[in-house]
Amino acid sequence: MSIRDVAVVGAGYMGGGIAQVLAIAGFRVVVTDADAETTRRQLERIRQEARAFEDQGLFDPGSTDLVEANIRAAASLEEAVAEADFVEEAVSENPAVKGAVLAAIEAAARPDAIIGTNTSTLPIGGLAVNLQHSARFLGVHFSNPAPFIPGVELIAHAGTDPAAVVASEELVARTGKLSARVSDKAGFVLNRLQYVLLKEAASLVEEGVATAEDVDIVVRTTFGYRLPFFGPFAIADMAGLDIYAAGFNTLAEHYGDRFAAPAVITDLVEGGHLGVKKDGGFVIPAGDSAPLVAYRNRAYARLGQLLRELGPAPTVGEAVATPEALKNPEPLTTTEEDQR
């Protein structure tokens with residue numbers, strides 16, 4: 001399944017960002033929205049944003065030319081998807097709306113076209129019932145803002161043709177992003193983790209442990225500081241799985257079974273696998289940790305330099321105290337579509 005022509009259905013902030021990413025990667029992209037006039041306005045916004053991003057140094061030189069050359073507007077959904085090898089649905093996170101749009105896409109698209117949905121939480125199998133031939137259907141979940149977040153979740157349902165997954169992986173790879181295959185469970189990986197963190201953060205505020213502001217400080221300056229470079233399993237491997245098992249035991253004593261040590265951790269510890277320091281762990285083998293520690297220290301120091309350069313994040317309406325190239329950030333949006 002070779003992909004060259006792409007349609008994006010839903011040209012709002014999320015879909016528009018996906019279209020920019022694909023166009024810069026060299027795909028021919030057609031966008032469509034609720035009606036021809038809305039689509040025209042969205043295409044102009046997409047182009048203006050690309051110019052602003054390039055002027056700010058956020059896009060590579062020449063990216064605006066690629067966006068203008070490779071993205072066009074279609075007057076209707078039917079026109080947009082008619083010749084597409086791949087169609088990305090990026091409408092609002094409403095199963096009824098998505099279902100109707102997906103059915104319309106299938107009716108108008110080529111029989112061999114791959115259809116992706118950018119849903120952030122809805123099970124793919126549940127959306128697949130809207131299609132007559134769902135083997136070419138899967139989740140291709142970009143995150144907001146799509147031009148700058150480098151990870152994409154790929155979610156196949158039980159009937160997805162594996163070739164459609166491989167072709168989608170190749171599409172994502174051509175954009176320079178990284179994809180991860182994820183099973184079809186509501187929320188997938190990104191939002192199950194993200195929502196659990198927010199739920200526990202809200203509990204801390206409700207219990208009076210800390211204010212919302214102080215919780216945010218702790219998260220972004222401690223374990224959140226590690227996350228651009230290491231995922232939770234790598235962090236646990238470096239710290240020591242026995243340390244985590246003991247920590248879970250303490251938390252379980254105070255907060256109950258919801259903090260009981262997961263079996264995947266206790267099994268490794270009981271088998272003598274403690275992470276980097278002994279017999280390896282989830283993702284990092286045991287051995288000489290000096291190169292890893294050197295990378296970690298360099299990474300955290302460079303991140304600190306970047307944060308000092310950028311300064312604190314502004315609240316809405318405040319001036320942005322950043323270098324000249326970052327004085328005009330893109331507008332903030334708060335629609336449901338954008339919360340990805």
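Select T160 first: its relative accessibility is 9%, so this residue counts as buried (under 20% relative accessible area is buried, over 50% exposed and in between partly exposed, with a 1.4 Å probe and protein chains only). The model is predicted, so local features need pLDDT of at least 70 and side-chain atom pairs count only at pLDDT 80 or more, while totals for chains, interfaces and linings use all residues. Residues are numbered from 1 along each chain as its sequence is written, and side-chain values use heavy atoms, with hydrogens and water left out.

**Stop 1: around T160**

T160 sits in the loop between strand 7 (151-156) and helix 7 (162-174). Helices (H or I, at least four residues) and strands (E, at least two) are DSSP runs, numbered from the N terminus. Show the side chain of T160 and look for two polar contacts (pairs of N or O atoms within 3.5 Å; within protein, one must be able to donate a hydrogen and the other to accept it, and residues adjacent in sequence count only if both atoms are side-chain atoms). One runs to the backbone oxygen of F137 at 2.8 Å, and another to the backbone nitrogen of H157 at 3.0 Å. Then add S134, A135, F137, L138 and V165, which T160 contacts when its neighbours within four places in sequence are left aside; contact means heavy atoms within 4.5 Å.

**Stop 2: G17 and P145**

Go to G17, in helix 1 (residues 13-24). With 3% relative accessibility, G17 counts as buried. Outside its neighbours within four places in sequence, G17 is in contact with G12, A146 and P147. Now select P145 as well: its C-alpha atom is separated by 6.8 Å from that of G17, although the two residues are 128 residues apart along the chain. P145 belongs to the loop between strand 6 and strand 7. The peptide bond leading from N144 to P145 is cis, with omega near 0°.

**Stop 3: helices 1, 2 and 3**

Keep helix 1 on screen and add helix 2. Their axes come within 10 Å and cross at roughly 60° (axes are lines fitted to C-alpha atoms, for helices over the stretch in contact, and angles run from 0 to 180 degrees between N-to-C directions). Helix 1 is therefore oblique to helix 2; angles under 35 degrees count as roughly parallel, over 145 as roughly antiparallel, 65 to 115 as roughly perpendicular and the rest as oblique. The crossing of helix 1 and helix 2 is right-handed (the near helix is turned clockwise from the far one by less than a right angle; anticlockwise would be left-handed). To see where they meet, select Y13, G16 and Q20 in helix 1 with R45, I46, E49, A50 and F53 in helix 2.

Next, add helix 3 (residues 63-70), whose axis comes within 8 Å of that of helix 2 (residues 36-55) and crosses it at roughly 165°. Helix 2 is therefore roughly antiparallel to helix 3. This crossing of helix 2 and helix 3 is right-handed. Here I46, R47, A50, R51 and E54 of helix 2 meet S63, T64, V67 and E68 of helix 3.

**Stop 4: helix 5**

Select residues 95-108, the 14 residues of helix 5, which at 1.5 Å a residue should span 20 Å; the end C-alpha atoms are 20 Å apart, in agreement. The expected span is 1.5 Å times one less than the number of residues. At the start of helix 5, a side-chain oxygen of N94 comes to within 2.9 Å of the backbone nitrogen of A96.

Which residues of helix 5 are buried? They are K98, G99, V101, L102, I105 and E106. The elements they pack against include strand 1 (5-9), helix 4 (77-81), strand 4 (86-89) and helix 6 (124-128).

**Stop 5: F188**

F188 lies in the loop between strand 8 (178-182) and helix 8 (190-206). Its phi is near 55°, a positive value in a residue other than glycine. F188 is buried, with a relative accessible area of 4%.

**Stop 6: helices 12 and 13, then D279**

Select residues 241-255 (helix 12) and 263-270 (helix 13), which pack at an angle of about 130° with their axes 9 Å apart. The two helices are therefore oblique to each other, and their crossing is left-handed. L241, D242, A245 and F248 in helix 12 meet I265, L268 and V269 in helix 13.

End at D279, in the loop between helix 13 and helix 14 (290-310). D279 is not a glycine, yet has a positive phi of about 65°. D279 is partly exposed, with a relative accessible area of 45%.
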